[in-house]
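Thanks for making the time this morning. I would like to walk you through one model, beginning with a helix and working outwards, so please have a look at it first.

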Amino acid sequence: GSAHGEGNRLRVVVVDPEELHACHLEIPDASGLSPERQRELVGSLLERALEPNIDFEPNSHAVPMSAMEVVRDIARVLRAFPTCDVLCEGHAKGQPPENNAAKAKLSHLRADAVRSAVLAEGVTNSIKVVGCGCARGLGMRVRMAPIDPDAPAQHAIEIPEVAEASRGERAAMLDGLMAKALETGLSFEPNSARLEVIVADTISELARVLKAFPDFAVHCEGHTKGKADENTAARLRLSEARARA
């Protein structure tokens with residue numbers, strides 16, 4: 001800025017290579033720690049790495065160049081613990097009552113962009129992405145934390161025991177579960193059969209449901225916007241391509 005009072009100018013100076021690559025985050029030796037203590041350490045290190053908040057441009061999910069040091073610190077932590085699965089949460093500005101689909105989508109895209117940037121640094125950890133919008137009122141930020149592999153999986157849909165049910169009862173259960181899995185809808189890129197990244201959890205839940213009923217065939221219909229008398233061959237092709245996707 002103008003802190004040095006030198007006017008409108010750029011300065012380029014030689015730096016020490018060791019100083020350029022100096023680590024801002026010290027990672028201790030965790031070889032003697034239990035898996036639980038290692039996860040706690042990873043959580044603490046990731047929290048510190050993300051203390052300089054990533055400032056995204058308004059309505060953008062591109063990771064700014066100013067955040068690359070944060071990305072590199074996150075990558076250093078995860079490379080030191082390559083078997084640790086991680087949750088990456090995106091959050092948007094606003095209070096919980098203001099949350100909506102647009103904020104959820106933007107926060108998901110931002111978290112996914114950070115995930116991609118971290119993986120580009122040579123990280124091999126499994127990173128699950130979630131877009132929370134402003135549901136928690138945490139402001140614009142990305143948070144990362146280790147996932148406990150021993151914790152029960154949290155699923156939006158509970159699949160009941162079906163072994164004793166008749167085929168007709170199971171068919172009715174499957175219809176209901178598929179409808180529940182698709183309650184939030186599937187969003188596609190405009191005029192495309194490509195699914196948006198924010199529907200990954202919906203696809204995962206739908207797959208869980210279908211795996212529980214492997215002996216049933218299902219019919220997948222695609223639909224597009226518009227009224228019945230506005231239907232065209234192009235809309236038919238697009239809806240079929242989306243159903244196949």
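**From one helix to two domains**

Helix α2 has 15 residues (35-49), which at 1.5 Å a residue should span 21 Å (the expected span being 1.5 Å times one less than the number of residues), and its end C-alpha atoms are indeed 21 Å apart, so the two values agree. Helices here are DSSP runs of H or I with at least four residues, and strands are runs of E with at least two, numbered from the N terminus. I should say early that this is a predicted model, in which local features need pLDDT of at least 70 and side-chain atom pairs count only at pLDDT 80 or more, while totals for chains, interfaces and linings use all residues. Residues are numbered from 1 along each chain as its sequence is written, and side-chain values use heavy atoms, with hydrogens and water left out.

Within α2, the buried residues (under 20% relative accessible area, with a 1.4 Å probe and protein chains only) include R39, L41 and L46. The buried residues of this helix pack against α3 (68-80), β1 (86-91) and β3 (141-146).

Turning to β1, five of its six residues are buried, so this strand is largely enclosed by the rest of the structure. β1 pairs in the parallel sense with β2 (residues 127-131) over five bridges, where pairing requires at least two DSSP bridges, and C88 has V129 as its bridge partner in β2. With β3, β1 runs antiparallel, joined by six bridges, and there G90 stands opposite V142.

Finally, the domain assignment, which is automatic or from a database, gives domain 1 (35-146) and domain 2 (167-244), whose centres, taken over C-alpha atoms, are 29 Å apart.

Key:
Buried < 20%, exposed > 50% of the residue type's maximum accessible area, 1.4 Å probe, protein only. Contact = heavy atoms within 4.5 Å.
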